[in-house]
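Grab a pencil and work through these short exercises on helix packing and sheet layout. Each task comes with a solution.

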Amino acid sequence: MRLVAQAVTVTFPGRATPVLNRADFHARQGETVAILGPSGSGKSTLLSVLGGLATPSTGAVFVTDDAGAPTTMPLAKASAWILQTTNVLPERTALDNVAIAAELAGLDRAAALDRAAHALAVVGLGTRMRARTRVLSGGEVQRVVTARALVAGRPFILADEPTGQLDRTSTDTVLDALFDGVRTTTPTNPATAPAGLTARGLVVVTHDPVVAQRCDRVVHIDDGRVVT
Ligand SMILES: Nc1ncnc2c1ncn2[C@@H]1O[C@H](COP(=O)(O)OP(=O)(O)OP(=O)(O)O)[C@@H](O)[C@H]1O
């Protein structure tokens, strides 16, 4: 499966120039792609259109099969999100927040709780999974959101600065979990395995060179244009 943006232009009201200007982009399952660029260059906007959260003014965003033929899969169902604004349920535990995503992906409650517990352990939150997310630190919530994306059973993960609030050690833990769960069809930890053992794709917006170095490809955006 591929996530494709073709000649996408996004213009926001009140802005003279487009935020994205005929941007082309693609990512396929099994690969990891970093989006780099200066602040305000349009990285998060590209992620938003890829996930169906924003609509291009012109151009197209769609999901194809591996051969490039269009599919009927809606953008909103193709990807799980790791956003900078972490929209967790504050009065629910970390475990519950992640388990809900696994249930939505089709697991029964018991299997969802089991998978959620494993995913939280993998991102280093095994000892905090019974805490309500409102008492967790920013970095801990970011890891809950990562675990949630890993169990969501979607072909792609779109991540906006997924390690932005983490120290180096937690960053390495989260990156190991993300890359292990994304790139391979046989992850070392079954908790992060994509449904059906089909490799996922990861598109990650980052300023962190360590994150970019671990990706298969790096795409640079400057002033709304994809420059590489
Ligand atoms: N809904 C909106 N309405 C108007 N302008 C917007 C909107 N969303 C984003 N912008 C503007 O579009 C530009 C690109 O924003 P975007 O968030 O895509 O940049 P970015 O490359 O991700 O930046 P950063 O690295 O700082 O997060 C910015 O100037 C931003 O202010």
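**Exercise 1: two helices**

The crossing of α4 and α5 is right-handed (the near helix is turned clockwise from the far one by less than a right angle). Before you start: this is a predicted model, where local features need pLDDT of at least 70, side-chain atom pairs count only at pLDDT 80 or more, and totals for chains, interfaces and linings use all residues. Residues are numbered from 1 along each chain as its sequence is written, and side-chain values use heavy atoms, leaving out hydrogens and water.

Task: work out at what angle α4 and α5 pack, and which residues meet.

Step 1. Helix α4 (residues 109-122) and helix α5 (residues 138-151) pack at about 130°, axes 9 Å apart. Angles run from 0 to 180 degrees between N-to-C directions, with axes fitted to C-alpha atoms, for helices over the stretch in contact.

Step 2. That makes α4 oblique to α5 (not under 35 degrees, over 145 or 65 to 115).

Step 3. From α4, R115, A119 and L120 meet V144, A147 and V151 of α5 (contact means heavy atoms within 4.5 Å).

**Exercise 2: the sheet**

Task: find which strands stand at the edges.

Step 1. Write down the order of the open sheet of 6 strands: β5-β6-β7-β3-β8-β9, with mixed pairing (strands pair if DSSP finds at least two bridges between them).

Step 2. β5 (79-82) and β9 (225-226) are at the edges with a single partner strand each, so one side of each has no neighbour in the sheet.

Step 3. β5 pairs with β6 (residues 156-160) in the parallel sense over 4 bridges, and S79 sits opposite F156 in β6.
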